[in-house]
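Take a moment to look over the model before reading on. Then follow the text from the overall fold to single residues.

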Amino acid sequence: MTGTGEKKMNVRSISLALGLLLAPCIASAQQLDNSQIMSTLAQMGSAAPAVDVALLVEEANANVGKGVAALPNWSKLSELSQLIVEIDFENNSTAIEPKSYRTVGLIADALHHPDLFRYKFLIVGHSSATGTAKHNLELSQKRADAVNEALSTTFAVSPDRLFSVGAGEEWPIDPGHPESADNRRVQLINLGLLK
């Protein structure tokens, strides 16, 4: 985000220690290219943990208002290659703003690259803490689903490679300011090789 308060699409490559800490590499959407996305998402460790997406959903629903980062299945996500992307949505809506389709298209291009074509990905939707925790969880799931749908329909990424889950306000990137717009984001996580 800029000091002028204008919203800009940001892409941040991250390494989450306990699910909350940002790595120092930050690039604006104007600097983002497929090679940056690929180099961030292709960093799979040989011993990457298996993640059960259905269990993530179950844990998120059972812990509304309590946080999810420290939960067993959610904590595994910090060990996987991931990218944080700001995708702008209309207020309280699942409609992706047109300016964000460029970012979604760049992600799709990277996912079609041979270096990433063998992998499956989790799209995690996050919200700020405006509104109720239950509403934010539902909205973040729907927004993650909207990105999933855009990637699989508009950009022809195989739906077998894409999974989505909402975290609501439960995993803020800026825990000191839970209502901050920085907490509204989409996380793309490499879940490992397709089986």
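This report starts with the whole chain and then turns to its spaces, its aromatic pairs and a few single residues.

## The whole chain

The model is predicted. It has five helices and six strands. In sequence order they run β-β-α-α-α-β-α-β-α-β-β. The protein has 195 residues, and 50% of them are buried. About 9100 Å² is exposed, and carbon and sulfur atoms supply 54% of that area.

How do contacts relate to sequence? Take the contacts between residues at least 6 apart in sequence: 75% of these join residues at least 24 apart.

## The largest pocket

Rolling a probe the size of a water molecule over the atoms shows where empty space is left. The largest pocket holds about 300 Å³ of space. It is lined by 21 residues, and the closest to its centre are Asn91, Asn92, Leu139, Arg143 and Arg184.

Which element gives the most to this lining? The answer is H5, with four residues. Strand S4 (119-126), helix H5 (133-154) and strand S6 (185-193) each supply at least two residues. By class, the lining of the largest pocket has nine polar, seven charged and five nonpolar residues.

## A cavity with a nonpolar lining

The model has two cavities of 30 Å³ or more. The second largest cavity holds about 30 Å³ of space. Its lining consists of Val85, Ile107, Ile123, Val147, Leu151, Val186 and Leu188. H5 and S6 each supply at least two of the lining residues. What classes do these residues fall into? The lining has seven nonpolar residues, no polar ones and no charged ones.

## Two aromatic pairs

A pair of aromatic rings is described by the distance of the centres and the angle of the planes. The count here is two aromatic pairs. The table sets out both.

| Pair | Type | Centre to centre | Angle between planes |
|---|---|---|---|
| Tryptophan 74 and tryptophan 171 | edge-to-face | 5.6 Å | 85° |
| Tyrosine 101 and phenylalanine 155 | tilted | 6.4 Å | 35° |

Where do the two tryptophans sit? Tryptophan 74 is in helix H3 (residues 72-75), and tryptophan 171 is in the loop between strand S5 (162-168) and S6. The two are 97 residues apart in sequence, so the pair ties together parts that lie that far apart along the chain. Tryptophan 74 has 0% relative accessibility and counts as buried. Tryptophan 171 is also at 0% and counts as buried.

The tyrosine 101 and phenylalanine 155 pair also links distant parts of the chain. Tyrosine 101 belongs to helix H4 (residues 101-112), while phenylalanine 155 sits in the loop between H5 and S5, 54 residues apart. Are these rings' residues buried or partly exposed? Tyrosine 101 is partly exposed, at 32% relative accessibility. Phenylalanine 155 is partly exposed too, with a relative accessible area of 22%.

## Isoleucine 123

Isoleucine 123 was named above as part of the lining of the second largest cavity. It lies in strand S4. Its relative accessibility is 0%, so it counts as buried.

Which residues does it touch? Leave aside neighbours within four places in sequence. Isoleucine 123 is then in contact with Ala144, Val147, Asn148, Leu151, Leu162, Phe163, Ser164, Val165, Val186, Gln187 and Leu188. Phenylalanine 163 is 40 residues away in sequence, yet its C-alpha is 6.1 Å from that of isoleucine 123.

## Isoleucine 189

Isoleucine 189 lies in strand S6. Its relative accessible area is 0%, so it is buried. Not counting residues up to four places away in sequence, isoleucine 189 touches Leu77, Leu80, Ser81, Gln82, Lys120, Phe121, Leu122 and Val124. One of these, leucine 80, is 109 residues away along the chain, with 6.5 Å between the two C-alpha atoms.

## Alanine 156

Most residues other than glycine have a negative phi, and most peptide bonds are trans. What is the phi of alanine 156? It is near 55°, a positive value in a residue other than glycine. Alanine 156 is found in the loop between H5 and S5. At 51% relative accessibility, alanine 156 counts as exposed, because the cut-off for exposed is over 50%.

Conventions: Residues numbered from 1 in each chain as written. Predicted model: local features only at pLDDT ≥ 70, side-chain atom pairs only at ≥ 80, totals over all residues. Heavy atoms only, no water. Buried < 20%, exposed > 50% of the residue type's maximum accessible area, 1.4 Å probe, protein only. Contact = heavy atoms within 4.5 Å. Areas by Shrake-Rupley, 256 points an atom, 1.4 Å probe, with all protein chains shown as cover. 1 Å grid on protein atoms, 1.4 Å probe; cavity = no way out; pocket = protein on both sides within 12 Å on 5 of 7 lines; lining within 4 Å. Points joined across faces, edges and corners; volume = space filled by probe spheres on them. Nonpolar A, V, L, I, M, F, W, Y, C, P; charged D, E, K, R; others polar. Phe/Tyr/Trp six-rings, centres within 6.5 Å; stacked < 30°, edge-to-face > 60°.
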